[in-house]
Amino acid sequence: MTKFDVAIVGGGINGAVSAAALSAAGLSVLLLEKNDFASQTSQESSNMVWGGIKYLQTFEIPLVYKLCRSRSRLFEAFPTRIRQIGFFAVGDKNAPAAPLITYAGALLYWFIGLFGTKAPRYFGTKMAKQYEGLVDETRVRGAVQYFDGLLNDNDARFVWDFINRAKQLGADTRNYTEMVAATRETDGWLVELQDQLTKQRSTVSATVLINAAGPESAELNQKISVSTKNSLALSKGIHLIVPKITADDRVIAVWDEDGRLFYVLPMHDRSVIGTTDTRVAAVTKEVTEADREFVLRNINQALKLATPLTKADIIAERSGVRPLVISSPKKGAKSQEIDWHKLSRKHEIEVDAQTKAITIFGGKLTDCLNIGEEVLQAVSKLGLRGNKPARWFGEDKMAGTAERLRQLLSDIVKDSSYLNLLVDGLWRRHGEQAFEIADLFLKNPDAAEPVFPGLGFSFGELDFIIQNEQVKTAEDLLRRRTPIALVRSDDEIANNSRLQKLVHQRISA
């Protein structure tokens, strides 16, 4: 029976950074995910790396400062995976404050972030319309542009970066593997596993068990008989992906009819609109007619589109549940007494020293480095003191390598615009491994052909991903390792005969 120092249950962003940080400290780590990595909340975000500007409304200054610092660290560590981008906040009747007050808030946000982004700008109504043609000047009193971060690919791909790093550092990472039982023994945990595809069972042991199951953490703790002080409220958020709305590469931020921030975000050559904020009692991925109507109604009201968006324009949908932390509620307090709209995306890490179990509550992409470091500290307090951590996050050093890659492929790919998309995407997603994919192109130039026009994904890259990134299903490939299923419709994917042939030949599940 294999023995691990730490077993982590949950392969979203919290589990991924925990595995990477602990492996970097020399600890033996098992990471388990009952579905595919990042297949729950971590694949349904807005793809933003932000400092939490909306939390200024509830005066959570320490949280905003912490998130801004985290954002700055991520900017530095992932210069190609994350880009700084302008958020053009349009002040109309739904905005909670006048544009000048919003501008003052943006300046405070910039200050709290220690000037880690470009400075915010103020626009009067006329200037706002000139800057962004979609502004409806009959509704707008002014606008403010502030800056935050946005993932260049997708959130699930970002999670894979940490899982891949954990693997490189020696972690055993298993998707489609469920922890069916865990029993506390004298010197650790006896963990029974089941492969979800083959149904084979096995048993391992671990000194420490980490619950990183996100919105399902309460159910997992109940299964293993671990009690906690913290709890969760669940909020469903949906996004719709539609044809490109904006001509320029910026985010448009408006306030929806409920007074909450609502975005138009770029994703490759498409736009993502949303999100909603609906209290739910259990994990769900359902997108209802009411959800669709809410998003479409608000975007059509907020912006002066040439043709209003309808359900026929929807290319793909995203729906996820945010786990919002309720920290040690007062004795006797009932869940309905908590104003869940004011709950933030903070995180709490709770340690049960007696059972050597750790539960991660809440969290978000922006805060991921802090979570990894805090989990390492928590494990150390339970007696597992590893080495000084090696490098466990960040991109390969660039230093002109992308240009070398471009020169290497210029004789194969004659279309300059596709060449740029191809090279930038290969380096961004694979780092030094991009040269392995380039070698495939040199041996077989046909592998460099684009999967879809307008995207920087080639058939050779998809084949490399299938063979090297624990891909078990077509959805793993097209929805999580890449965002192709988000930016191309089901019909477009089904009618791409070469893509279908690759999937059927290479993926068994």
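The buried residues of helix α12 pack against α5 (155–168), α10 (416–430), α11 (434–443), α13 (474–481), α14 (484–487) and α16 (497–506). This is a predicted model, and that helix is a good place to start a walk through it.

## Helix α12 and its surroundings

Helix α12 spans residues 459–468, and eight of its 10 residues are buried, so the rest of the structure largely encloses it. The buried residues are F459, G460, E461, L462, D463, F464, I465 and I466. If you colour the model by accessibility, you will find the acidic E461 and D463 in that buried list alongside F459 and F464. After the helix comes Q470, whose phi is positive, near 55 degrees.

## Strand β6 and its partners

Next, have a look at β6, which covers residues 142–151. Here 10 of the 10 residues are buried, so the strand is largely enclosed by the rest of the structure. Its side chains split into two sets: G142, V144, Y146, D148 and L150 point one way, while A143, Q145, F147, G149 and L151 point the other way. Both sets are buried.

Which strands pair with β6? Strand β3 (residues 48–49) does so in the antiparallel sense, over two bridges. Within that pairing, M48 stands opposite L150 of β6. Strand β4 (residues 82–91) also runs antiparallel to β6, and 10 bridges join the two. One position to check there is V90, whose bridge partner in β6 is A143. Strand β5 is antiparallel to β6 as well, with three bridges between them. In β5, Y122 stands opposite V144 of β6.

## Aromatic rings and nearby charges

Two residues from these strands, Y122 and Y146, turn up again among the aromatic contacts. A search of the whole structure finds 16 aromatic pairs, including the two tabulated here.

| Pair | Centre to centre | Angle between planes | Geometry |
|---|---|---|---|
| Y103 and Y122 | 5.8 Å | 55 degrees | tilted |
| Y109 and Y146 | 6.0 Å | 85 degrees | edge-to-face |

Y103 belongs to helix α3 (residues 99–112) and Y122 to strand β5 (residues 121–123), so their pair ties together parts that are 19 residues apart in sequence. Y103 is partly exposed, at a relative accessible area of 23%, and Y122 is partly exposed too, at 30%.

The rings of Y109 and Y146 are edge-to-face because their planes stand at 85 degrees. This pair links distant parts of the chain, with Y109 in helix α3 and Y146 in strand β6, 37 residues apart. Are Y109 and Y146 buried or exposed? Both are buried.

Y109 has a further contact: the charged end of R71 sits over its ring, 5.5 Å from the centre. A similar arrangement involves R250, whose charged end sits over the ring of Y131, 4.1 Å from the ring centre. Elsewhere, F78, F158, F162, W392 and F393 come together in one aromatic cluster.

## Cysteines

How many disulfides does the structure hold? The count is zero. For orientation, a disulfide is a covalent bond between the sulfur atoms of two cysteines. Why does C68 not form one? Its sulfur has the sulfur of C368 as the closest cysteine sulfur, and at 15 Å that is too far for a bond. Looking from the other side, the cysteine sulfur closest to that of C368 is in C68, at 15 Å and again too far for a bond. A sulfur pair has to be within 2.5 Å to count as a disulfide. C68 is buried, with a relative accessible area of 0%, and C368 is likewise buried at 0%.

## A378 in helix α8

The last stop is helix α8 (residues 368–381), where A378 has its place. A378 is buried, with a relative accessible area of 6%. What does A378 touch, leaving aside its neighbours within four places in sequence? It is in contact with I349, V351 and I358. For a distance to try in your viewer, take A378 and Q354: they are 24 residues apart in sequence and 13 Å apart in space, C-alpha to C-alpha.

Technical notes. Residues are numbered from 1 along each chain as its sequence is written. This is a predicted model: local features need pLDDT of at least 70, side-chain atom pairs count only at pLDDT 80 or more; totals for chains, interfaces and linings use all residues. Side-chain values use heavy atoms; hydrogens and water are left out. Rings of Phe, Tyr and Trp (its six-membered ring) pair if their centres lie within 6.5 Å; planes under 30 degrees apart count as stacked, over 60 as edge-to-face and the rest as tilted. Helices (H or I, at least four residues) and strands (E, at least two) are DSSP runs, numbered from the N terminus. Buried means under 20% relative accessible area, exposed over 50%, partly exposed in between (1.4 Å probe, protein chains only). A charge sits over a ring if NZ of Lys or CZ of Arg is within 6 Å of the ring centre and within 35 degrees of the ring normal. Two strands pair if DSSP finds at least two bridges between them. Contact means heavy atoms within 4.5 Å.
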